[in-house]
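Colleague: I would like to go through this model with you. I will ask how each label is earned.

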Protein chains: 2
Amino acid sequence: MVEHMKWWGWGQEGVAFHHEDKPNLAPFVMKVAGIDFDAPPVRVPELSELDVPASRAPEELRAAFVEALGAEHVHDDDLDRVVHTYGKSMRDLVRIRRGDFGRLPDLVVYPGTEAETEAALRIALEADAVLIPFGGGSNIVGSLEAPREETRPVVSLDVGRMRAVLSLDETAKTARIQAGALGPDLEEQLNARGWTIGHFPDSFKHSTLGGWIATRSSGMQSDRFGDIADITRAVRVVTPKGLVATAEVPVQSTGPSVREMVLGSEGRLGIITEATVQVHRLAEERVIQAYFFPDYASGLKAMHAIAASDASPSITRVSDANETQFTLATSKKGSTLGQLLNKGVQLYASKRKGMDLSQMCLSFIGFEGSATSVRRDKTLVGEIVKKHGGFGVGSGPGTLYDQKKFDTPYIRDFILDRGAYGDVSETSSSWTTLKSVHDNVVAAAEKAFAEVGVKGFIFCHLSHSYHSGACQYFTFAFQAPTDRDGLEVYDTVKGAIQQAFIDNGGTLSHHHAVGREHKRWIEQDISPAGAGIVGALFAGVDPGRNLNPGAIVD
Amino acid sequence: MVEHMKWWGWGQEGVAFHHEDKPNLAPFVMKVAGIDFDAPPVRVPELSELDVPASRAPEELRAAFVEALGAEHVHDDDLDRVVHTYGKSMRDLVRIRRGDFGRLPDLVVYPGTEAETEAALRIALEADAVLIPFGGGSNIVGSLEAPREETRPVVSLDVGRMRAVLSLDETAKTARIQAGALGPDLEEQLNARGWTIGHFPDSFKHSTLGGWIATRSSGMQSDRFGDIADITRAVRVVTPKGLVATAEVPVQSTGPSVREMVLGSEGRLGIITEATVQVHRLAEERVIQAYFFPDYASGLKAMHAIAASDASPSITRVSDANETQFTLATSKKGSTLGQLLNKGVQLYASKRKGMDLSQMCLSFIGFEGSATSVRRDKTLVGEIVKKHGGFGVGSGPGTLYDQKKFDTPYIRDFILDRGAYGDVSETSSSWTTLKSVHDNVVAAAEKAFAEVGVKGFIFCHLSHSYHSGACQYFTFAFQAPTDRDGLEVYDTVKGAIQQAFIDNGGTLSHHHAVGREHKRWIEQDISPAGAGIVGALFAGVDPGRNLNPGAIVD
């Protein structure tokens, strides 16, 4: 069976964020965002208490799926339909808790093979049904929902039964993996043989290979292993034009690349069933070092210098001052993180008296490879850090960061339980514009907080460095007003952030895709003609608008 | 004014291949391919002796272009139309010398700005004319010709007036460059400020940035700088949907990437006017070292090991035994190459007595970067070479290779003058399949030579290494029979090579694109459904089939 996340929130049932062991956190978030971590949580309703609209699937459609996939793989119960109606965006979490299910899928189908996937698409097209592919359901930009006004039957196609590593070519250093494999599924299978895909997005535990490809995902170690667009060397996709299977070769000069069109297609071209991906031998050494910089500007300059150096770290990350303060506030009493960071702070203070401690910025740099290359890269990075006024505090905080890196999304549910909203927005821009993007986005968010009259907080880190620029990942939170709909406030703030990306030389998203949440910026990002070309591609492949209609472009 | 290559052959007027200073070459090619380098060359006709069909451009179409671009930028003279009717494939050279001009363009237009390019496209679409963008004209896969049966007016749009480096961002390490810039145009402008694009295809001197993008080109130093697909970070393209301008950012998660759709589009989506490309500071050190391996298999294994190592060379190249013999035969009497290679051979022979000298393989590895990294990489590579039974012969041959690297295409005209045909075909495949692709391609070519009853020769080198595989670049030549059309023999041989690529796990082209020459393999390469998707994209963007109809897919 395919396991799913909580219908009302992130991750596994029984796992939640808690802060009792982090004594500084509650006072910190109260101060900066007016969020009361000690408030009693609102009660999340039972699904049975909510009014779940019935499936509208015509019986003949259900019967056709049952015949093709088996009765046990065609679901129309409330829970399964609710789980598949949205992803896990802030808007999704709020709506689902309210019992606002949007246009629920009428059926959830679970093909077990590529041939069954082809049959499922054929059935959907013949019945003029809408079909929306579903991986782990972790999407946060509204890529998984049918249009509210959709009158045709809606089918969610869950690829979760197709999760095997089919083959591993140790010479070519590639693996053929089924699209429904969750991060842990494929990583465990690869690790057992001494290999890794090297792709670790925040959503890793609850997202699939197919989902990564469909949204152009990036993992935390992309500096070394590349984004999913680099990692994916061939795809198999069930489309209305038939089964697309591109050659398993490193590089092709075969017209506009179909492999690349599938990257970021969010189900609009078909259902990804399998991909051939680059894999790497598990590294001899792997360590994440922590550093402090005097301020964000010097941190950014250091990351730029590292990207331009002979070193090839796996992670380059630096938090701005606000995020650094937040991270320091999350340290446990008596923990390695707490001790090391406090030591860092003290060292810093003693070394550089007179500098503003509130401006200092925490950085994590990951090293991975042979012992020789790790040693060399650490030395090279150490010199660059020093040159930019920073200093190292060892590998303790990095180890902890590494252990906890997939826990962050649980916080959103925790604060939502306390009447607060929090979300993320990320962009990429050139090294030239990074600092102004940062400052203008922060200013835009603060202006939006002020305009709507809420207390809010925004912080940011740089991650994912490239030759010409990097990604900046913003997190924002605010205590929702009680006199208005929190989602309206959310829209204003999120909209201000996104518009500031575009206005300052950034893109609407570095690695979270477009979906419906970012669609209103697509023409500003890739130009109206560019959006027209994307639309022409979708219309040509799927003239009936049966495949995830409304995602990316109208 | 825009300068063009010879109408009947490669490169500049007055420049040609000659062999008088290479005493071993004529006997060598006579032995292996029956080609008589000392035969008197056939006379290439004057253009005036040939029957050039008149322009069929309606006067109102010509007038519209004249109004938009100025009379001096709208040409319909024979020479300009003949120069623009083909690229420089073997088939093109043969046809043009025969006076078989195919469907000549009726007009050649030279817009000087993006706005003029937009006007030109508008005029063409309104008149239902066919428009074919033209860069340097170096294409060898038939990407530049109108269908022979085309009854609509045909316009060749030459981007050669748009050749400026518009801006250089030294922080972002990107440059905005106009699409019509030839390799030397842009490299000289960048070099003057201490930068390089790092893209050096064989055609460098006669190909443009726009052409590189339109065909997904790769340069010799792609191991370090990436293929043009990696180098190109944003594009501006005049399309029937309007002006496409993608954001100048490192990475985007904005649906199927329009930037990527433009890569390899061969004019079918519009006219590329400008791109933002990655640039690099001219390296502190740059050297190409030569090595010998006992045989091709050990050379391939060494390249694989280098690609997997901590070294990051700019060039990894190893010739098979046949290509090595050819290269040795090209050495000049008393030259550095001759001396060093002979020394190499002798060293080899004396060191490894009893091994087959006819099997040894020449390799060039390029190093580029800081003095420290070059030294380190040379050490790492040296160890790998030794481990695979190879040995180094210094940097002399590499220096010569570097100086002469753009001269190779001139040889085709030389041998064509002697009644022989020669061409190249290249593919990429995984490290696992490289050797079998090589052996089976060579076998397929030899079988084809035997079947058609000609004496022929094929050799190969690996170049362009990736994580999962590499490119193999084959060169073949044969003495054309006098009793049949040489192009028929050529088709048989070239077809056998291409089919062997596909049948053995390779792709139809690593970096020369599809055009019309490789079109018959596209469905085998990206699957019929994949070709259908590419076709749907073209049909959606250009429903009237006005843009380079017939290229890539039907």
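Colleague: What makes the area between chain B and chain A count as buried?

Modeller: Buried area is the accessible area (1.4 Å probe) that two parts lose on being put together, summed over both. Chain B and chain A bury about 5800 Å² in this way, and carbon and sulfur atoms give 61% of it. B:Ser253, B:His467 and B:Ile533 supply 13% of the area that chain B buries against chain A, more than any other three residues.

Modeller: A word on the basis. This is a predicted model, where local features need pLDDT of at least 70 and side-chain atom pairs need pLDDT 80 or more, while totals for chains, interfaces and linings use all residues. Residues are numbered from 1 along each chain as written, chains are lettered from A and ligands numbered from 1 in written order, and side-chain values use heavy atoms, without hydrogens and water.

Colleague: How many residues does the contact take from each chain?

Modeller: Contact means heavy atoms within 4.5 Å. By that rule, 76 residues come from chain B and 76 residues from chain A.

Colleague: Why do you say that the copies meet through the same surface?

Modeller: Of the interface residues of chain B, 100% are also interface residues in chain A, so the surface is the same.

Colleague: How do you know how the two copies are related?

Modeller: The copies are superposed by least squares on C-alpha atoms of residues with pLDDT of at least 70 in both. Chain B falls on chain A with an RMSD of 0.0 Å, after a turn of 180° and a shift of 0.0 Å along the axis. The two are therefore related as by a two-fold rotation axis. In chain B, the C-alpha nearest the axis belongs to B:Leu537, 2.3 Å away from it.

Colleague: Why is the meeting of A:Glu260 and B:Arg216 called a salt bridge?

Modeller: The rule wants a side-chain nitrogen of Lys or Arg within 4 Å of a carboxyl oxygen of Asp or Glu. For A:Glu260 and B:Arg216, N to O is 3.0 Å, and the pair is a salt bridge. Across the interface of chain B and chain A the rule finds two salt bridges.

Colleague: What does the salt-bridge rule find between domain 2 and domain 3 of chain A?

Modeller: Zero salt bridges. The bounds, from an automatic or database domain assignment, are 165-281 for domain 2 and 285-404 for domain 3. Their centres, taken over C-alpha atoms, are 31 Å apart. Six residues of domain 2 and nine residues of domain 3 make the contact. Together the two domains bury about 630 Å², 40% of it on carbon and sulfur atoms.
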